[in-house]
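Reader: I would like a close look at a single part of this protein, with its surroundings described residue by residue. Please take one helix, say how covered it is and by what, and then work outwards from there.

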Amino acid sequence: MAYDALVEDRHPASAYAPADRLAALPPLRTALQPRILYATPEMADFVKTGGLGEVAGALPRALRRHYDVRVLIPGYRQVVGAYPDIPVVARLEAQAGVPACDLGLVEAGDGLRIYVLLSPELYERDGTPYGNADGDFGDNDLRFARLSLAAAEIALGADPAWSADLLHLNDWQAALAPAYLAWRGLRVPSVLTIHNLAYQGLFPRDNLARLGVPDHAFQMNGVEFYGQLSFLKAGLYYASHVTTVSETYAREIMTPESGCGLDGLIRTRAQQGRLAGILNGIDESWDPRTDPHLATRFEADDWKGKRANAEAVRDQFGLAVSRGPLFAIVSRLVHQKGIDLSIQAAEGIVQEGGQLVVIGQGESRFEEALQGLARRHPGAVGVHVGFQETDARRMFAGSDFLLMPSRFEPCGLAQMYAQRFGSLPIVRRTGGLADTVEDGVTGFTFADGSPRGLGGAIRRALDTFGQKKRFNAMRRTAMSRSFGWDDAATHYASLYARAFGNNAALRWRAA
């Protein structure tokens, strides 16, 4: 049976109300709505290590108005701690070496329903979702094969009360789901979103049997990647559509320089019309007029209110009172983020009368280098290793400039947060940074990922800081930029419609 015909059988167009009728209806979830399962390894409601967690907390909610969306997440300690008595709706049996687990279902305060994989031996551990101080967990292949397999099973009706019409899968941790379905001879529409191509879920070939991967799939047109099993490649090959989190990054990963060895397959998907770049958004809490975390709330042109936040940041980081520019770094402290470039630039910033505050954690070499920088420049440089939401928000609100010289950046969120709070980003022109920061208008961009390239952008920022009329105009423009989720949700709705193969999802756009 042809793929389109099979999709039509599972989702007949007659089962859905016409778009013009739905446009007149209130946005209530009904049995007529397509059912989307959003499978993710992290979610800001419970645990996040970066942008994926933020997106997983926001995008399903943006889509809920017109879809019946449910989230699937592993039952980490933070999740089961938030819901001590989780109702079990299904038992997912062991397959190959993938352990059995229970499927729980909880409801967030706003009504979003969340499936939870209940398996203490797999998920209830100290550390991040992926590892601890000793490194990645040694059984991550089983842990996330369980997540992928659960997504496939929910699409096939594991929960008697609800099944997914479409799977929206995120990163390598959920990317085996469409492959598991294909190996059973079943095709359920699926969208795979790549948040960072550098993380691919690579495991030895010897793991195939315990993950239930058939031998015939271990080939170029399948899951094989330079002699290893690649979860991400499986998703790229078997998913109906592939997205990534900005238009520029979608173009970049088609090149050998940024394709991480997968550029050939990605170019093929693009030629088939199965690759899209959809820019992430940020939620409405990023508003300096209403944010409860700030020392003082403010709006555009209320620069006195913004200075009050700067004074609070200086006080917290032990910096001297100053009318000079305040630079901020809010980031994972890793090579990708160009932290070494920022450290080199810091000496010049201090010499020019500027100050620098840093929050984040990551590679020990960068943590130690930044702490050494703070010791050499007491009163001018402040560093907190770790992360606190309130501290980060106040830094965006109080700083004049955000340093973000990433070597590559699929989307990035910090530059959007900064602009909303009137802090002008200084970014390398790559990925989502190129798509969200307008040079000389809402921030400063540079192309050459070198100390010289960053130094030139900082020099322009310092010159602008001395031109108050221009500086305030740039801040005002940056704060007026909208980075909400509506545009992204509309693009995903169009993509879902294509994946369904009929007009079922087009009504979202008509409503």
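Author: A residue is called buried here when its relative accessible area is under 20%. The model is a predicted one, and the values below are computed from it. By that cut-off, helix 15 has buried residues Asp391, Ala392, Arg393, Met395, Phe396, Ala397 and Gly398. The helix runs over residues 389-398 and is mostly covered, with 7 of its 10 residues buried.

Several elements take part in the covering. Among what covers the buried residues of helix 15 are four strands: strand 15 (326-330), strand 16 (355-360), strand 17 (381-385) and strand 18 (401-404). Two helices are also included, namely helix 12 (303-317) and helix 16 (414-420).

A record gives a wider frame for this region. The UniProt annotation "domain: Glycosyl transferase family", from an unreviewed entry, covers residues 323-465. In the model, 45% of that span is helix and 20% is strand. The C-alpha atoms at the two ends of residues 323-465 are 11 Å apart.

Strand 18, one of the covering elements, contains Phe401. Phe401 counts as buried because its relative accessibility is 0%. Setting aside residues within four places in sequence, the contacts of Phe401 include Pro325, Leu326, Phe327 and Ala328. Phe401 also touches Ser423, Leu424 and Ile426, and further along the chain Phe444, Ala461, Phe465 and Phe471. Ala179 is a separate matter: its C-alpha atom is 45 Å from that of Phe401, and the two residues are 222 residues apart along the chain.

Glu389 leads to another part of the chain, since Lys48 touches Glu389. Residues up to four places away in sequence not being counted, Lys48 also touches Glu42, Met43, Gly53 and Glu54. UniProt, again in an unreviewed entry, places the feature "binding site" at Lys48. Lys48 sits in the loop between strand 1 (35-39) and helix 3. Its relative accessibility is 31%, so Lys48 counts as partly exposed.

Helix 3 is next. Two packed helices are described by the angle between their axes and the distance between the axes. The axes of helix 3 (residues 51-63) and helix 20 (residues 486-500) come within 10 Å and cross at roughly 70°. Helix 3 is therefore roughly perpendicular to helix 20. The crossing of these two helices is right-handed. On the helix 3 side, Leu59, Ala62 and Leu63 make the contact, and on the helix 20 side Ala489, Tyr492 and Tyr496 do. Sorted by class, the contact of helix 3 with helix 20 has 6 nonpolar residues, no polar residues and no charged residues.

Two loop residues complete the account, both for their backbone angles. Most residues other than glycine have a negative phi. Tyr226 is not a glycine, yet has a positive phi of about 50°. Tyr226 belongs to the loop between strand 11 (224-225) and strand 12 (228-230). Tyr226 counts as exposed because its relative accessibility is 68%. Cys260 is likewise not a glycine and has a positive phi of about 50°. The loop that holds Cys260 lies between helix 10 (247-252) and helix 11 (263-271). With a relative accessible area of 32%, Cys260 is partly exposed.

Key:
Residues are numbered from 1 along each chain as its sequence is written. This is a predicted model: local features need pLDDT of at least 70, side-chain atom pairs count only at pLDDT 80 or more; totals for chains, interfaces and linings use all residues. Side-chain values use heavy atoms; hydrogens and water are left out. UniProt positions are given in the numbering used here, feature names are shortened, and annotations may be inferred rather than shown by experiment. Buried means under 20% relative accessible area, exposed over 50%, partly exposed in between (1.4 Å probe, protein chains only). Contact means heavy atoms within 4.5 Å. Axes are lines fitted to C-alpha atoms, for helices over the stretch in contact, and angles run from 0 to 180 degrees between N-to-C directions. Angles under 35 degrees count as roughly parallel, over 145 as roughly antiparallel, 65 to 115 as roughly perpendicular and the rest as oblique. A crossing is left-handed if the near helix is turned anticlockwise from the far one by less than a right angle, and right-handed if clockwise. Ala, Val, Leu, Ile, Met, Phe, Trp, Tyr, Cys and Pro count as nonpolar, Asp, Glu, Lys and Arg as charged, and the others, Gly among them, as polar.
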